[in-house]
Amino acid sequence: MASHTRNGGSTLISVSRSGDYVVRIHGKEISVHSAVPIEGTRFLQSSRLSEPLATQLKFVKISQPDVSDESGNKGNNGGDEDPLELTSQQRVMCGSETRISVWQINSLEWHADIENIEPSVTSVDFGARDDEAILLHAWGSKVTIFNLDSARSRVIKSPKFCNPSSQGHAYRPRTKQLAILLKPETADLLTIHEAYSYELITKVTLPTVDAQGLKWSPDGRWIAVWDVPSNGTKILIYTADGQLFRTYPGPKDMESDHDLGIKCIEWAPLTRRNPSSELLLVGKYDGTIEILNTRTFTCSTTLSHTFHIDTQSPMIWRERMSPEGKLEYAEASSSSAFTTATSDSSNLPRGVSTLNFSYNGDLLATIDQTRPNIVWIWSMGTHITLESALVHEHNVRNISWHPRAQELLITTSNSAFAVVHVWSLDRSPVIAGVPVGRSEAGRYDVTWVLTAARDEPETFWFYTPDDAVLGHVTVGNDGNGTFNMLHSVGQGDLMANIAGNYQA
């Protein structure tokens, strides 16, 4: 998953990818909060930003500790690492269009500045490690990688994408070679660069009309590149050194006139049981999911977002308002669950927009933009089956699997209620209200805390552009969900040490 940065006027909030830290900048003040108490407190430090950075701030990023085990897994399979030791060396980066400052996150001790940047930066982030900053510039002019320790920089010209949400470049798991899509003239190029030095390893001219993105497999063996939807289904599988291994053109029985192309792809995660990438999922614009095995990169199964009534029908849950005026899930019949579409879905494009595996790959959560208010949960066994479906009154905004359990967090774009939806494999789903300021745009996000101890509750951050709260959900004897707040950031700073319980 990426770190989150939201701009709400004079406030910026960033949550680290593993949930260990939250950085909030309000006006000229920067404050750091930890999910795990350090010396008895979760509020670690605050400081004042200097001008002109404070008034021109656009980017806030938090580096990620390297918690890879021998299989390349990011700490989600039972590692014995000390959470405090893992997070102690992390850094925070704040940037404007012309200047970047980096500090040690625990102490806010200054580490480095990058000044006199060309004023066309669209994205700032840490590179392969936290002593690098990678900058995307507007109009696809270049990518600049700065070494914060040596003060040297490397430039890669003509990147295909400059949008920070694009998938035009990625680092290889564990060894950190950089793969990037370029468009210097008319043809798409794939280049692969050495880790840290960024020397060119190989350059490949792609047989694509308009490449849309790339993704490394979690084991680092493969790079998948997919083409524009108007060219139908086309995925190119390259080896780590840039050799074309396979081209996947879609199922053989698919007529080209009916092939709407690819919207997204996702690799299945690594586990201790399966330390190599075994599956590649292809989300299509026609609402189907094609599952490829990585031995041959051919389609073994196709999933469809349609509901068939039979004796093995899965459990369907629908969000509703209880007589007490609280949101809750209720069991729904298949005939009534999918009859009402959300009012704000008419302008959304079709296609599978989300493919999200549970930590061990046993479950898959998907969203099809034809009905963006529904989360479909599939059991990825020998015979893939629909485990459950969750139907909401508003479009789903964010879903996140727990890093060590079969538990899923869901937020929707409900502007009236700040609530978190929790689905678990071993109990009925619940909805719990969260004590943050209501977002007029329904901008609610969630991030699990990876560094939480195993004997502690499953904690997560719930945040808006202005607030963030840390807590966990418990289920009472009445079946209702309650959010137990452990810490508050933002407007809740005035009550940061007051814990409370909240129901939807």
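Author: Two strands count as paired if DSSP finds at least two bridges between them, and strands themselves are DSSP runs of E with at least two residues, numbered from the N terminus. The model discussed here is predicted, with local features needing pLDDT of at least 70, side-chain atom pairs counting only at pLDDT 80 or more, and totals for chains, interfaces and linings using all residues. Residues are numbered from 1 along each chain as its sequence is written, and side-chain values use heavy atoms, with hydrogens and water left out.

Reader: How do you know that β33 and β34 are paired?

Author: Four bridges link β33 to strand β34 (residues 419–424) in the antiparallel sense, and because the definition asks for at least two bridges, the two strands qualify as a pair. One of the partnerships sets Ile 410 against His 421 in β34, and a hairpin of six residues joins the two strands.

Reader: What pairs with β33 through the hairpin of five residues?

Author: That hairpin comes from β32, where strand β32 (residues 396–401) and β33 pair in the antiparallel sense over five bridges. Within this pairing, Trp 401 stands opposite Leu 408 in β33.

Reader: What makes strand β33 (residues 407–412) "mostly covered"?

Author: Buried means under 20% relative accessible area, with exposed over 50% and partly exposed in between, as found with a 1.4 Å probe on protein chains only; six of the six residues of β33 are buried, so the description holds. Glu 407, Leu 409 and Thr 411 point one way, while Leu 408, Ile 410 and Thr 412 point the other way, and all are buried. In a regular strand the side chains alternate between the two faces of the sheet.

Reader: Why is the second largest pocket called a pocket and not a cavity?

Author: On a 1 Å grid over the protein atoms alone, a cavity is a set of points where a 1.4 Å probe fits but cannot get out, whereas a pocket is an open set with protein on both sides within 12 Å along at least five of seven lines, so the name pocket says that the set is open. Its volume is about 400 Å³.

Reader: Which residues lie nearest the centre of this pocket?

Author: Lining residues have an atom within 4 Å of a point; there are 20 of them in the second largest pocket, and Asn 274, Glu 278, Leu 279, Gly 361 and Met 380 lie nearest its centre. The elements giving two or more residues to this lining are β24 (288–293) and β25 (298–304).

Technical notes
Grid points are joined across faces, edges and corners, and a volume is the space filled by probe spheres set on the points.
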